There are 2 protein chains.
Amino acid sequence: MSAELIPSILDLRHRLAEVRRAGRVIGFVPTMGALHAGHGSLIEMARQQTDCVVVSIFVNPTQFNQQKDYDLYPRPLAEDLEFCSARGVDIVFAPAVEEMYPRTQLVFVDVLRVTEHLCGKFRPGHFRGVTTVVLKLLNIVQPDRAYFGEKDAQQLAAIGRMVADLDLPVQIVAVPTVREADGLALSSRNRRLSPAERRIAPIVHRALQVAEEQIAAGATDPQQVKTKALATFHPFPQIRVEYLEIVDPLEMQPVERLDGPVRVAAAVWLGATRLIDNLLCRPATGQIERFT
Amino acid sequence: MSAELIPSILDLRHRLAEVRRAGRVIGFVPTMGALHAGHGSLIEMARQQTDCVVVSIFVNPTQFNQQKDYDLYPRPLAEDLEFCSARGVDIVFAPAVEEMYPRTQLVFVDVLRVTEHLCGKFRPGHFRGVTTVVLKLLNIVQPDRAYFGEKDAQQLAAIGRMVADLDLPVQIVAVPTVREADGLALSSRNRRLSPAERRIAPIVHRALQVAEEQIAAGATDPQQVKTKALATFHPFPQIRVEYLEIVDPLEMQPVERLDGPVRVAAAVWLGATRLIDNLLCRPATGQIERFT
């Protein structure tokens, strides 16, 4: 069956009011389109857990740092619709920019602390754009559950905290990163890599694995772990590391000692393409903090 | 009938889910307690327009600029409950501070531009505290309609813009200011006035009326109108004017010319008490801008 394409907020609200009245549980997968198997995994989990799956496709201008990145972001809407239909999505919400931002947006949500390091440090305003548009989408769709990939771990942490601190009536579901056979995390931006860059790209995951192995083996000093992980990139001068950090998984603050679960996260530039990836790592011993 | 007192978010959510399933329309009146006839007017309008009226009573610490003002804020809960019961309120939500802020609040909503002038200039962080707690309350109660007094006109404008820009599924209803016979706008802070201060207090409303009369008579220069209105305070050295401004009613920006509806707003200190008031004024002639 074809997914129903709805570009208007008002039409979507009316359509979902029916769904809600029928007692059906609504699952929501917000995306920027250019759908790949990572999104497929979010959709699949939503299909399993809810009765009506809504996918939004909206390339949000307020979260881009460079106009060029926004302009170049792929927008294969016909393919995306087919992708959704093939996977049993019920509704695709694909609003125009003017539908989402009909007037100058004056209202913004900030998630302090959680967005301070990692990508937050290198992409000023990015997370404000992300959390604000996600809040708008959650208010429009009013889903029971919303699905986000662990690939964007800092985004996931920020949205989780936003939902908690703003008492939003939605459950956030984290879905594991989907990877190519060689370890490269799926991303819509991967299609911009040249064949030569694509061959090098899995090294990001490899560097994170180096950190993971040391942490699992009992390393306690994050600086040492980072130094060894960063050494993985040395044979590849094509790669410019933006950051490689070890942070706590809730507030995303750099840790001073490895004595609980951590997120090892990296961002690198490969030519004109920025790649991010992360792994949740657990130490061999030591006190395990509750991850709630 | 007695209003039902609910201090827990979870209990309130369950109770309101029943109400919603029964198809009843929910009206919400957020307050900081110390209820007076102004709140009574909000409740009365909610009673007329909805089937189930929820009043929240929560003295929100994050919107106070001075610890002392927060500590001194009146909290007559038993009286407030009686007040609500006598007016047919169905549910009083009165959470503890720890219920509303169970962890360090890291998430904040800012309404730019609208909160820039007037009180926003003199109470740094105040509106961030207000809009954030109102958003939390709206997410907890999920009302169909929420009622706010025009007395706090900048707050009303900020919340209206927040609801619009965040696509919140709620209708905001503005309720006219209630005044004493001598013109003083009702406020929970009025009870702090000494008898001598109370006699002087109506001069705030009088100054706004002076502005209103000039605007209605065709004045076009806001500076001249302000000067004349401010002269009203000259015989009263007990009064320290914080601001008296003429702004557009939507984005609360000072106007350069009087050619549409404006909000004339003032804040003054009378002893240790800060009083605010405002009037929506329409010019005699000229192009009337649509107020939407």
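1. A good place to start: in which sense do strand β5 of chain A and β5(B) pair, and over how many bridges? They pair in the antiparallel sense, and five bridges join β5(A), residues 107–111, to β5(B). Within this pairing, Asp110(A) has Phe108(B) as its bridge partner. Please keep in mind while reading that this is a predicted model.

2. Now to the contact between the chains as a whole. Chain A brings 23 residues to the contact, and chain B brings 23 residues. On the side of chain B that touches chain A, at least two residues each come from β5 (107–111), α7 (126–141) and α8 (153–165) of chain B. The biggest share there belongs to β5(B), which gives the most, with five residues. Sorted by class, that side of chain B holds 14 nonpolar, six charged and three polar residues.

3. How are the two copies related? Chain B is superposed on chain A by a rotation of 180° with 0.0 Å of shift along its axis, and the RMSD is 0.0 Å. The copies are thus related as by a two-fold rotation axis. If you would like a landmark for that axis, look for Val109(B): of the residues of chain B, Val109(B) comes closest to the axis, with its C-alpha at 2.2 Å. The copies also meet through the same surface, because 100% of the interface residues of chain B are interface residues in chain A too.

4. Next, the overall build of chain A. Its secondary structure comprises eleven helices and ten strands. For 292 residues, a compact globule would have a radius of gyration near 19 Å, and the 19 Å of chain A agrees with this. Along the principal axes, the C-alpha atoms of chain A fill a box of roughly 55 × 45 × 40 Å. Of the 292 residues in chain A, 42% count as buried. Among its contacts between residues at least 6 apart in sequence, 71% join residues at least 24 apart.

5. One sheet in chain A is worth tracing by eye. It is an open sheet of three strands, in the order β8-β9-β10, with antiparallel pairing. The edge places belong to β8 (239–247) and β10 (273–281) of chain A; each has a single partner strand, so one side of each is left without a neighbour in the sheet. From one strand to the next, the twist averages 15°.

6. Staying with this sheet, eight bridges join β8(A) to β9(A), residues 262–270, and these two strands run antiparallel. To find one of the bridges, start from Tyr243(A), whose partner in β9(A) is Ala267(A). Helix α10 of chain A, residues 203–216, lies across β8, β9 and β10 of chain A and runs at about 20° to β10(A).

7. Finally, two backbone details to check. Ala34(A) sits in the loop between β2 (26–31) and α2 (37–49) of chain A, and its phi is near 50°, a positive value in a residue other than glycine. Is Ala34(A) buried or exposed? Ala34(A) is buried, because 21 other C-beta atoms lie within 10 Å and the cut-off for buried is 20 or more. In chain B, Asp167(B) is not a glycine either, yet has a positive phi of about 55°. Asp167(B) lies in the loop between α8 and β7 (171–175) of chain B, and with 17 C-beta neighbours inside 10 Å, Asp167(B) counts as partly exposed.

Technical notes:
Residues are numbered from 1 along each chain as its sequence is written. Chains are lettered from A and ligands numbered from 1 in the order in which they are written. This is a predicted model: local features need pLDDT of at least 70, side-chain atom pairs count only at pLDDT 80 or more; totals for chains, interfaces and linings use all residues. Two strands pair if DSSP finds at least two bridges between them. Helices (H or I, at least four residues) and strands (E, at least two) are DSSP runs, numbered from the N terminus. Axes are lines fitted to C-alpha atoms, for helices over the stretch in contact, and angles run from 0 to 180 degrees between N-to-C directions. Two residues are in contact if their C-beta atoms, placed from the backbone, lie within 7 Å. The radius of gyration is taken over C-alpha atoms; the globule rule is 2.2 Å times the number of residues to the power 0.38. A residue is buried if 20 or more other C-beta atoms lie within 10 Å of its own, exposed if 12 or fewer, and partly exposed in between; C-beta atoms are placed from the backbone. Ala, Val, Leu, Ile, Met, Phe, Trp, Tyr, Cys and Pro count as nonpolar, Asp, Glu, Lys and Arg as charged, and the others, Gly among them, as polar. Copies are superposed by least squares on the C-alpha atoms of residues with pLDDT of at least 70 in both.
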